[in-house]
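Q: Please take a close look at one part of this model, the largest pocket, and follow its lining residues out to the salt bridges they take part in.

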Amino acid sequence: MVKQFVQDEEKQRLLLDEHTEKHFTAGEVVRDIIIGVSDGLTVPFALAAGLSGANAPSALVLTAGLAEVAAGAISMGLGGYLAAKSDADHYQRELQREQEEIDTVPDTEAAEIADILSQYGLGPEEYGPVVNSLRNNPKAWLEFMMKFELGLEKPEPRRALTSAGTIALAYVVGGLVPLLPYMFVSTADRAMAISVAVTIAALLFFGYVKGRFTGNRPFISAIQTAVIGALASAAAFGMAKAVQSI
């Protein structure tokens, strides 16, 4: 019997070693990169197109574009920081509230565990030992309630700073793409034509990669991203031409 038990344990260990689940776990970082790059590619692109439509020289377009990239990166990074900080503060408030409920009304909280587990098809004879085990482990009990009752995951300690830095850097990288032609081409019209081609190509590539990471159809995502960027720049260009003609 003991020998059979050992063999079964060894077999389970080997199966776990052979089975490696490939889950994507960097969702928050990818989300920040998507936010930063998508805005970085679109907003400076539209600004450059608008200024070009107003017949501004390349030097002016470049100066205004770089100023916008700097301001946009700071603004986007600050927004990411505040959003992540707000999530962390909310988690801490709910954590304290849940801890107080466990301390003051433990029977009610235990009944909530049973109710949660019953929703997964477990009967009283099955979830009873789990409830008792959690009641004997206050830390695990609190984590269980936060995750399964409130649906809250504990945020990483440096999440706010990481989010701010990631979004800001991604915005700068994306924002420099439509401005690069203006650094090397003195004629604004020609620089704009090159910027349009380069940025549309970058939007298509970015949209494709975004689709791969988010689980959407990559080609559809690429087309949607490029169309949005093109519409934004076309609107800015058309508006500049309209104002100039007044």
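A: What follows describes the pocket, then the salt bridges, then a surface patch.

The model is predicted. The largest pocket holds about 330 Å³ of space. Its lining is made up of 20 residues, and those nearest the centre are Glu-28, Arg-31, Asp-87, Pro-155 and Arg-159. Three elements, α2 (27-53), α3 (58-104) and α7 (159-176), each give two or more residues to this lining. Helix α3 supplies the largest share, with eight residues. By residue class, the lining consists of eight nonpolar, eight charged and four polar residues.

Arg-31, one of the residues nearest the pocket centre, also takes part in a salt bridge. Its partner is Asp-32, with an N to O distance of 3.6 Å. The two residues are covered to unlike degrees: Asp-32 counts as buried because its relative accessibility is 1%, under the 20% cut-off, while Arg-31 counts as partly exposed because its value is 46%, in between the 20% and 50% limits.

The model has six salt bridges in total. Another of them pairs Lys-147 with Glu-153, whose closest N and O atoms are 4.0 Å apart. Lys-147 is partly exposed at 42% relative accessibility, and Glu-153 is exposed at 54%. Salt bridges with shared partners also join Arg-31, Asp-32 and Arg-159 into one network. Two members of that network, Arg-31 and Arg-159, are among the residues nearest the centre of the largest pocket.

A further salt bridge is formed by Arg-135 and Asp-107, with 3.1 Å between the closest N and O atoms. This pair links distant parts of the chain, as Arg-135 belongs to helix α5 (residues 124-135) and Asp-107 to helix α4 (residues 106-118), 28 residues apart. Arg-135 is partly exposed, with a relative accessibility of 32%. Asp-107 is exposed, because its value of 55% is over the 50% cut-off.

The surface also carries a nonpolar patch. Leu-66, Leu-176, Leu-180, Met-183 and Phe-184 form this patch, and together they have about 460 Å² of accessible area. Helix α8 (residues 180-184) gives the most to the patch, namely three residues. Met-183 is found in this helix and is partly exposed, with a relative accessible area of 37%. That value lets Met-183 count towards the patch, because patch residues need over 30% relative accessible area.

Terms used. Residues numbered from 1 in each chain as written. Predicted model: local features only at pLDDT ≥ 70, side-chain atom pairs only at ≥ 80, totals over all residues. Heavy atoms only, no water. 1 Å grid on protein atoms, 1.4 Å probe; cavity = no way out; pocket = protein on both sides within 12 Å on 5 of 7 lines; lining within 4 Å. Points joined across faces, edges and corners; volume = space filled by probe spheres on them. Helix = DSSP H or I, 4+ residues; strand = E, 2+ residues; numbered from the N terminus. Nonpolar A, V, L, I, M, F, W, Y, C, P; charged D, E, K, R; others polar. Patch = residues over 30% accessible without salt bridge, like charges linked within 9 Å, V, L, I, M, F, W, Y side chains within 5 Å. Areas by Shrake-Rupley, 256 points an atom, 1.4 Å probe, with all protein chains shown as cover. Salt bridge = Lys/Arg side-chain N within 4 Å of Asp/Glu carboxyl O. Buried < 20%, exposed > 50% of the residue type's maximum accessible area, 1.4 Å probe, protein only.
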